[in-house]
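Please walk through the packing of helices in this model, and then through the contact between its chains.

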Amino acid sequence: MNRCFSCARLFAMISKEFVQIRRDPPTFGMMVGIPLIQLLLFGFAINSDPKHLPTAVRDADAGPVGRAVIAAMQASQYFRVSLIPDGEAAVEDAFAHGDAQFVVTVPADFSRRVLRGEHPALLVEADATDPAATANALSALDRLAAAAAARELAGPFAGLKQGEAPFEMRVHRRYNPEGETTFNIVPGLMGVVLTMTMVIMTCLAVTRERERGTMETLLAMPLSPFEVMLGKILPYVAIGYLQVVFIMAAAKLIFAVPMMGSLTLLSAVTVVFISANLAVGYTFSTVAANQLQAVQMGFFFFLPSIMLSGFMFPFRGMPEWAQVIGEALPLTHFLRIVRGILLKGSGWEAIAPDLAAIAAFLFVAGFIAVRRYRMTLD
Amino acid sequence: MTAAIAVTGLTKRFGGRAVVDSIDLSVEEGRIMGFLGPNGSGKTTTIRMLCGLLRVDAGEGTCLGLDIRRDAAAIKRQAGYMTQRFSLYEDMTVAENLDFAARVHGVPDRKARVAEAVERMGLAARRNQLAGHLSGGWKQRLALAASILHKPRLLLLDEPTAGVDPQARRDFWDRIHGFAAEGMTVLVSTHYMDEAERCHAIAYIAYGRLLAHGTVEEVVAGSGLAAAAVRGGGPGLIERVKALPAVETATAFGAVIHVAGGGGAALAADLSAFCAAEGVDWEPEEPTLEDAFIHLMAGSRDNMAEGAA
């Protein structure tokens, strides 16, 4: 037997590792689960060529050419058209609430002016906060509009098909006219960083007490579960807030991200979002047996958060089931709020539904955390 | 005198198996009660139930006049608990650990009380050391200091002197007697016989059942054992002594074999005949507490072995 290497010793070590892996089902589950989740998410949920984007149409003309263009948009699969009443207020509303990715305005007399050969303009406004989500649809728009008009211009108007296009497609990229992807990513990063750090930090904070045996002292002391939970969470709210200040400063000074809305409102929302993530971490910590498991559970939460929230890939590009999961994650709503406040200048009223979703999440997670926290060691 | 601890039928089950099985225990105020028993006998579980760290499955009783089932929070405020394994924060200093304990307990005049505890426990030179860097004996002092900061009326100590050197153990026990003299009631679990003999009363549990209860003399007398010392003789003698029908245990202490076994005249009769044949001497001895415990343990059934994988 060799002094530096012995197969028997090596096999002793290997079989010991397997025994320990078998005793730790969560780690094993992670090894099987992570690739499975990644496969599912990347294979089915993620689509960098989003289709069926909600498109609001103000048709002040109601003529044949406008209708043909709208029908062609619908048929292209990129746009899911719905009609909205005429008026600026309705357009602003649709954008502010994120109900529409595009608003198409067909001006009055559009069809008639096309037939007269006046080359009128068709206005297409795009919510360009996430340039990746709109780029393909916009590039498809030019081709399909011209083709649709060509079909409509038959018989005596066939002459209009020659030469320049019968009408102009005027595209306005709102909120992010240059299509800067950093404007979309940097505010989003704030939510991602908070999700990652806050969940894992609280998760570790409680499991560490259990793993080191200090939980026994803590439980023997006259502390209520609520005091323990708040005492564990509040320091990290402060730390999370520091992270926010840091990212915001970088966004402003280094990346020149526009800040259209109220920073006070953003601060208030951020506290709710941080708390929601901390509550998730706390809930995990009541389940995890040790710090490793806690980190693994945090990762399990983080993975869908980053993939299905609309941070990495356009939310509207995902299939229905993935959007449903995405809607259940606080990061999805926080991203909408941050982008809304910073890029669109959204106010309280516009972000209320997303804030309500985060608050509901916080409530449920907090409830589970308090219910699961044991006052005793059994 | 009133009872600081008075419980009856105390039971705890883990996975359907009674780890603590219907224990009755009473400790008078200002007394030191030694809690003895083999490893895994349920000592820690019992102590944890007394201070509200584990739910009681059956039985009832009071700690400091408070119901152990209903008033766990109130008991925690008036009891000090020192865990078997060091369970203060190793990444905090001695002073920080004590300050935290004092704040959680709402100790009045905190700074002075912490300073006093540091002084009293001789921790002054180490007050700014990380608890994790202390040696076993100092960790134990720190843990004791933390558990008495709020001047509890009841002190629960779970094997406080395991792995601590004899000098530190003696100091520790002197302190415990000091606390008792001030009126504090102490329940202390231990494996050391000399420590058991320093208690006012002892309780012996094995496999979750209380087997003996009383003063050291009462427990020894209650075992009904006789003991003797066998001197001289060569190697192999101890095996032949053990084979005698009246002998339960035979233990070598250097050249002397300490024998314990059946009470009355049985042991004496066996030894007389045996020693005459072997050509060695013997004389009667007082049975020890250890003899009594080993006798009790041998007589009880190991319920832990059942169902074990």
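What follows takes up helix pairs in each chain and then the interface.

The model is a predicted one, and a convenient place to enter it is helix α10 of chain A, which covers residues 263–287. With helix α14 of chain A, residues 348–372, α10(A) packs at an angle of about 25°, the two axes lying 8 Å apart. Angles under 35 degrees count as roughly parallel, and α10(A) and α14(A) are therefore described as roughly parallel to each other; the crossing in which α10(A) passes α14(A) is left-handed. On the α10(A) side the residues that meet α14(A) include Leu265(A), Val269(A), Val272(A), Phe273(A), Ala276(A) and Val280(A), while among those of α14(A) are Trp348(A), Ile351(A), Leu355(A), Ile358(A), Phe361(A) and Leu362(A). By class, this contact of α10(A) with α14(A) has 19 nonpolar, four polar and one charged residues. Arg372(A) is among the residues that α14(A) brings to the contact, as are Ala365(A), Gly366(A) and Ile368(A).

The helix α10(A) also has a second partner to consider, helix α11 of chain A, made up of residues 291–308, and here the axes come within 9 Å and cross at roughly 140°. An angle over 145 would count as roughly antiparallel, and α10(A) and α11(A) are therefore classed as oblique to each other. Their crossing is right-handed. Asn277(A), Val280(A), Phe284(A) and Val287(A) of α10(A) are in contact with Met297(A), Gly298(A) and Phe301(A) of α11(A), a set that comprises five nonpolar, two polar and no charged residues. Val280(A) and Val287(A) thus appear in the contact with α11(A), and Val280(A) and Val287(A) also belong to the contact with α14(A).

In chain B, helix α8 (residues 216–223) and helix α11 (residues 289–299) have axes that come within 9 Å and cross at roughly 50°, and α8(B) and α11(B) are therefore oblique to each other. The handedness of this crossing is left-handed. From α8(B), Val216(B), Val219(B), Val220(B) and Ser223(B) make the contact, and from α11(B), Leu289(B), Ala292(B), Phe293(B) and His295(B). These residues divide into six nonpolar, two polar and no charged.

The remaining step is to the interface, where 17 residues of chain A are in contact with 21 residues of chain B. The area buried between the two chains is about 1,800 Å², and carbon and sulfur atoms give 57% of that area. Of the area that chain A buries against chain B, Glu216(A), Pro222(A) and Asp378(A) supply 30%, more than any other three residues. Two salt bridges are found across the interface of chain A and chain B. Glu216(A) meets Arg48(B) through their side chains in a salt bridge, with an N to O distance of 2.9 Å.

Methods: Residues are numbered from 1 along each chain as its sequence is written. Chains are lettered from A and ligands numbered from 1 in the order in which they are written. This is a predicted model: local features need pLDDT of at least 70, side-chain atom pairs count only at pLDDT 80 or more; totals for chains, interfaces and linings use all residues. Side-chain values use heavy atoms; hydrogens and water are left out. Axes are lines fitted to C-alpha atoms, for helices over the stretch in contact, and angles run from 0 to 180 degrees between N-to-C directions. Helices (H or I, at least four residues) and strands (E, at least two) are DSSP runs, numbered from the N terminus. Angles under 35 degrees count as roughly parallel, over 145 as roughly antiparallel, 65 to 115 as roughly perpendicular and the rest as oblique. A crossing is left-handed if the near helix is turned anticlockwise from the far one by less than a right angle, and right-handed if clockwise. Contact means heavy atoms within 4.5 Å. Ala, Val, Leu, Ile, Met, Phe, Trp, Tyr, Cys and Pro count as nonpolar, Asp, Glu, Lys and Arg as charged, and the others, Gly among them, as polar. Buried area is the accessible area (1.4 Å probe) that two parts lose on being put together, summed over both. A salt bridge is a side-chain nitrogen of Lys or Arg within 4 Å of a carboxyl oxygen of Asp or Glu.
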